[in-house]
Amino acid sequence: MSAPGYGLFGHPLGHSISPQIHACLFKLTGCDASYRLMDTPGEEILDAFEQSRRDLCGYNCTIPYKQTVMPILDGISDEARDMGAVNTVAVRGEKLYGYNTDIRGFMTCMETDGMSFEGKKVLVLGSGGTSRMLTYAARTHGAACVTVAARRVEAALEIHDQVMALSDVKGGFDIILNGTAAGMWPKIDTTALTAEQMAGCEYLFDAVYNPPVTQLMREAAKAGAKVRGGLLMLVSQAAAAQEIWRDMRFTPEQLLATERDAAFRLALQRLHQARERENLVLIGFMATGKSTLGKILASSMDMEYLDTDALIVERAGMSIPDIFAKYGEEKFRELEREVAESLSGLKNTVISTGGGMPLACGDALRKAGFVIFLNPPEYFIARNAGTGEGRPLFRENWQARLRERMPKYRACAQAELNAVGTAAQRARMAAELV
C-alpha cells in the first residue's frame, strides 16, 4: 500500500516551506507520508480539486484558493464558514470536508505566550483574509473591544464595523494583531505602525513569519510590548491540519521543535535566494563562541562547516601556538590571508574565522559570504577563554586588543549579534539576522 499523499494548492507558491514543516511533523510522529507543492493556475484549479478526491488524503489551500474551494466541498466547519475561508481539506471516501486551521494556529501563539483576549482592547491591522481571521479570533475569545485599522477604511468595513485609518492610530490598545504584509521579506524595512502609535500595548502579534523578527516587532518592543512573529502560527496551523487528516495530536514541545527547524530553514532560504550568498561567515574576537555556533548553525541549516584556524593548521602542518613560536605572528597572518582568499570558492558552508582574520581580510570575507559579527559582553569572553590556553595573543591585555579591533569587525560585518544565552539560543538568534 502506498504512503498517504498530502499537498498545498496555491498560485504562485514561491518559496513555501510547507513541505519541510509537514515532513518534520510526519517524522515526529513516525508517519510515512508525503507532502508536495501543487502550484496550479486558476483555469485548472477546479479540475485539480475534483481529482484530489481520488489522489490525495488531504490538502491545504492558500492564496488565491481559500474561497474558490468552498462551493465544491461536501461539508464545511462552522469556523471556516464564519470566516469565509477554507485552508484545510480532508478527503474521506472521495468526499471533501473543509476547515480553517489558521485560527487554531494563531490561538496556539496566544496560549504559548500566556495571553488572553478577555476584557482587552484589541487593534487588528489590515483588511485582508489574515486580518479577517484575527478579528474573528478576538471577537470570539472575549475581547472587550475590537477595532480594525487599514490604509483603506472602506476595505476594513468589509470585515468589521469599527474601523479607523492606520495613520490615525494613537496608542491605547492592549493587544495589536498585524494581518498586513508590511515588513515581509524582502521589504524588511517597512512597518505598519511606529513605537509611538503602539504606546500602552502589552502584546503584539505579527502574522509575518519571514523574517522571523520584523520591524513592527522591533517598534512594539521599543514601546514595551511582548512580541511574537508568525512562524509558530504557520507551524501550528500545519499541525492542526495533520490532526484533522490523521486524528492525532502534537505536544507543545513538538510544535516548538518544528518551529525551530523552520526558522533555520528560512534562514538558509534567505541566505541563498534573497541575500544571494553561498556561505555564512562568523567573525569576532577570541572566545566569542564562533566555532560552537558555527557547528550548530551548519547542522541546523543543513550546511557544511569550516573553521579557518583548522585549515591554517592543516596547511602549516603544526598547531597555531607552534606557528607563532617558530615563525611569529607575521607568518600566521600570511597564512590567514591565503585561507581567506580561498573561501569564496566554497558552497553552502558556515565559516568560523580566527579572531584576527577580519583585520586584513575583510574584503575577502565579505566576498565569501554573509558576515555576522559575534560581539558578546566582555565577561562572556573572559569566561569562555578561561586561562587562554592555545590562544597566543589572549593574555596580552586582551580587552585593549578587542577595543582596537572593534571598528574593523563592524566594517566587515553585515549583522551583529550581542546576545548571550545558551549556544542553541545564540545560534537561533544568529540565524534570524540573516
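**Group meeting: a walk through a predicted chain**

I begin with charge: the chain carries 48 positive and 52 negative side chains, and the centres of these two sets lie 4 Å apart. Please keep in mind throughout that this is a predicted model.

Let me set out the overall picture. The C-alpha atoms fill a box of roughly 80 × 60 × 35 Å along the principal axes. The secondary structure amounts to 17 helices and 17 strands. Of the 434 residues, 54% count as buried. The accessible surface is about 19300 Å², and carbon and sulfur atoms account for 49% of that area. As for how the chain folds back on itself, take the contacts between residues at least 6 apart in sequence: 68% of these join residues at least 24 apart.

I turn now to the strand at residues 5–10, β1. Why may β1 be described as largely enclosed by the rest of the structure? The reason is that 6 of its 6 residues are buried. On one side of β1 we find Gly5, Gly7 and Phe9, on the other Tyr6, Leu8 and Gly10, and all of them are buried.

Which strands pair with β1? One is β2, residues 34–39, which runs parallel to β1 over 6 bridges. Within that pairing, Tyr6 has Tyr35 of β2 as its bridge partner. Between β1 and β2 the chain passes through helix α1, residues 18–28, and this β-α-β crossover is right-handed. Another is β3, residues 58–61, also parallel to β1, with 4 bridges. Here the bridge partner of Tyr6 is Gly58. Tyr6 is therefore a useful residue to select on your screen, as it is buried in β1, with Tyr35 as partner in β2 and Gly58 as partner in β3.Let us move along the chain to strand β15, residues 349–352. Both of its faces are covered: Thr349 and Ile351 are buried on one side, and Val350 and Ser352 are buried on the other. Strand β13, residues 280–284, pairs with β15 in the parallel sense over 3 bridges, and Leu282 stands opposite Ser352. Strand β14, residues 304–307, also runs parallel to β15, joined to it by 4 bridges. In that pairing Tyr305 stands opposite Val350.

Following β13, the loop that leads to helix α10 contains Ala287. Is Ala287 buried or exposed? Its relative accessibility is 7%, so Ala287 counts as buried. Ala287 and Pro376 are 89 residues apart along the chain, and their C-alpha atoms are separated by 9.7 Å.

Helix α10 appears again when we consider helix α17, residues 423–433. The buried residues of α17 are covered by elements including α9 (252–274), α10 (290–300), β16 (370–374), α15 (378–385) and β17 (415–417). Buried in α17 are Arg426, Ala427, Arg428, Ala430 and Ala431. By way of background, an α-helix has 3.6 residues a turn, so residues three or four places apart point the same way.

The next helix is α7, residues 215–222, where Gln215, Leu216, Met217, Glu219 and Ala220 are buried. What do these residues pack against? Their packing partners are the strands β7 (121–125), β10 (175–178), β11 (203–206) and β12 (226–228). Just after α7 comes Gly224, which takes a positive phi of about 95°.

Within α7, I would like to single out Glu219. Its relative accessible area is 11%, and because buried means under 20%, Glu219 falls in the buried class. Which residues does Glu219 touch, beyond those up to four places away in sequence? They are Thr191, Leu193, Thr194, Ala195 and Met198.

Finally, Ser236 has its place in helix α8, residues 231–246. With a relative accessible area of 4%, Ser236 is buried. Leaving aside neighbours within four places in sequence, Ser236 is in contact with Gly105, Thr108 and Leu255.

To close, I return to two strands. β1 has 6 of 6 residues buried and pairs in the parallel sense with β2 and with β3. β15 is covered on both faces and pairs in the parallel sense with β13 and with β14. Thank you for your attention.

Conventions: Residues numbered from 1 in each chain as written. Predicted model: local features only at pLDDT ≥ 70, side-chain atom pairs only at ≥ 80, totals over all residues. Heavy atoms only, no water. Buried < 20%, exposed > 50% of the residue type's maximum accessible area, 1.4 Å probe, protein only. Contact = heavy atoms within 4.5 Å. Areas by Shrake-Rupley, 256 points an atom, 1.4 Å probe, with all protein chains shown as cover. Lys, Arg positive; Asp, Glu negative; His and termini not counted. Charge placed at Lys NZ, Arg CZ, Asp CG, Glu CD. Pairing = 2+ DSSP bridges. Right-handed = clockwise from strand over helix to strand, strands pointing away.
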